[in-house]
Amino acid sequence: MSMRLVFPSSRFLVYLIGFWVFCSCNQRLSPTVFEELALVSVALEFPTSAEEIISCARKDTSECRNYHRVVRAKASLLNQGPAALDATVEVIRLDCMGSLPNRDTRSRAWNRCIGGLTALYFFSSPEQDEKVLEFFEKNPVLLCFAVAEQDFAWLHNRVHRERWRELFDTWRSTGGTNAQLENPFVSSQGKVRHRIELL
Amino acid sequence: MASGLNLNTARSSKVRVKKKEERHFIILVGGPGLYNGSDSDHDKAWYNYIDPVMKAAKSGRLALPDEHAHWYVYEPAYKKRWADDVTAPSFFERNLKDGRLQVTRHDHTKKVIAEGASDYVDYIKKKAATYVKQTSSKITVHPLTFDAGFWTELGKFPDQSISRVWFLGHAASDLWLSLEHDSDDVAISPARHEIVKRSDISKNAALARKFASAHQPSMFYGCNTQEFAQLWSRTFKVAAEGANGKVNFNKSSLGDIEASATYGWKKFTP
């Protein structure tokens, strides 16, 4: 009798946990997550040195406010599972493309664009890199925009580095980008210390 | 014997004159963002970044005798701030943080007008002119309109003539000539054209020839400027200094600003 009571309860718990995981993975991602991620690049008060980041990881004071916002945004994004990369690419497609004509105007769309580009750092497995590469092969103007905008950390953790290098060189040789821009996928690059990888 | 002595003296004074050829001391002054009551940490006062320069100039200790100081003031930020401050309400507001009454933007603009200036940039120009008269120093104020202008301006100086470059303003690895706020009142970067990027240093490496061999350290007074200073030093082969962490401009002197760097003031040699 007692076994029959316990057994259904356990199954119920398993179903409940499964339902919770399903729900949390499929929770609709708010676009503001990308605005929050953009704080890494655009916020005046975001810790830049390893010392500051370590310090902020241990405390939740006002000067670490932006750090904790980014940490929460990263968790929300990666909690989406495989859908996270799709959402990131979609934000880049929509908001970066939309921001291009008005690059000198700061807007929420521009922040989402920067946040989306920042988030690419989290997607560096061979399969994910393939997907990101395919996206930029179709939208090389956005690759140019990303490289010109800033030295994003994701430019330096690509698996298919050679293909990235070729894509950028090809685009540059066709006059599609500013000839002054250095190819960030050349192995000697990546001297700048980034911040997203320290989170 | 006496004649020989005179000749030697004359020769050495001639050498001294040659050594004292005018050198150019470049000071890039970033602008404030608009006053934002919800952001109590930034830009309560419009003059944060020019005040330390003006104080040093007033005392005659800003530049060396053979230096001509050039103040490159980022005009759009000061014009925008003036237009905003001049419409501010004319009452005192209480600073809840420390309980002291703070002079409002209204009083800042009133003071500028009382000095006979038409706006903040005009006030800076008038003050500089006064310091030139009082201290017999050489100061030229150049209103700067966009970041590319800064590199272009450096390129206009004769080779071997720049003694040092200073920056005062907002910074986050790159030098920000202004400041914006997002929808949550968080202080964020200005538009691309209002940023002197760290990556622009390498693109302008040819400017290394502009620096005099007898130079002073280039100083970057802003938050987290150490990486900028390090690359500056390496690229232009000059000494440079910057902050690791935040700095506080609410200080009486440039030395105090250096001392306020959270993780120390960093010095780099080529």
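Residues 1–18 of chain B have pLDDT under 50 throughout, and the model gives them zero contacts beyond four places in sequence. Here pLDDT is the predictor's confidence in each residue, from 0 to 100, and contact means heavy atoms within 4.5 Å. This is a predicted model, in which local features need pLDDT of at least 70, side-chain atom pairs count only at pLDDT 80 or more, and totals for chains, interfaces and linings use all residues; side-chain values use heavy atoms, with hydrogens and water left out. Residues are numbered from 1 along each chain as its sequence is written, while chains are lettered from A and ligands numbered from 1 in the order in which they are written.

**Confidence**

- Residues 97–101 of chain B also stay under 50 in pLDDT, but for them the model has seven contacts beyond four places in sequence.
- Chain B has a mean pLDDT of 85, with 86% of its residues at 70 or more.
- The scores of the model are ipTM 0.77 and pTM 0.82.

**The seven-stranded sheet of chain B**

- Helices (H or I, at least four residues) and strands (E, at least two) are DSSP runs, numbered from the N terminus, and two strands pair if DSSP finds at least two bridges between them.
- An open sheet of seven strands in chain B follows the order β5-β2-β1-β6-β12-β13-β14, with mixed pairing.
- At its edges lie β5 (138–144) and β14 (265–268) of chain B, each pairing on one side only.
- From one strand to the next, the twist averages 15°; axes are lines fitted to C-alpha atoms, for helices over the stretch in contact, and angles run from 0 to 180 degrees between N-to-C directions.
- Helix α3 (residues 75–85) of chain B packs on this sheet and touches β1, β2 (67–74) and β5 of chain B, its direction making about 55° with that of β2(B).
- Helix α5 (residues 120–135) of chain B packs on the sheet as well, touching β2 and β5 of chain B, and its direction makes about 170° with that of β5(B).

**Strand β6 and its neighbours**

- Strand β6 (residues 162–168) of chain B is largely enclosed by the rest of the structure, because seven of its seven residues are buried (under 20% relative accessible area, with exposed over 50% and partly exposed in between, using a 1.4 Å probe and protein chains only).
- Six bridges pair β6(B) with strand β1 (residues 23–29) of chain B in the parallel sense, and B:Ile26 sits opposite B:Val165 in β6(B).
- β6(B) also runs parallel to strand β12 (residues 218–221) of chain B, joined by three bridges, and B:Phe167 faces B:Phe220 in β12(B) as its opposite residue.
- Next along, β12(B) and strand β13 (residues 240–243) of chain B run parallel with three bridges, and B:Ser218 is opposite B:Ala240 in β13(B).

**The three-stranded sheet of chain B**

- Three strands form an open sheet in the order β7-β8-β11 (chain B), and their pairing is antiparallel.
- β7 (170–172) and β11 (195–196) of chain B are the edge strands, each pairing on one side only.
- Strand β8 (residues 174–176) of chain B runs antiparallel to β11(B) through two bridges, with B:Leu175 opposite B:Val196 in β11(B).

**A helix pair in chain A**

- Helix α6 (residues 83–99) and helix α9 (residues 140–149) of chain A pack with axes 11 Å apart at an angle of about 70°.
- α6(A) and α9(A) are therefore roughly perpendicular to each other (65 to 115 degrees, where under 35 is roughly parallel, over 145 roughly antiparallel and the rest oblique).
- A:Ile92, A:Arg93, A:Cys96 and A:Met97 in α6(A) meet A:Val141, A:Leu142 and A:Phe145 in α9(A).
- The residues of this contact are six nonpolar, no polar and one charged; Ala, Val, Leu, Ile, Met, Phe, Trp, Tyr, Cys and Pro count as nonpolar, Asp, Glu, Lys and Arg as charged, and the others, Gly among them, as polar.
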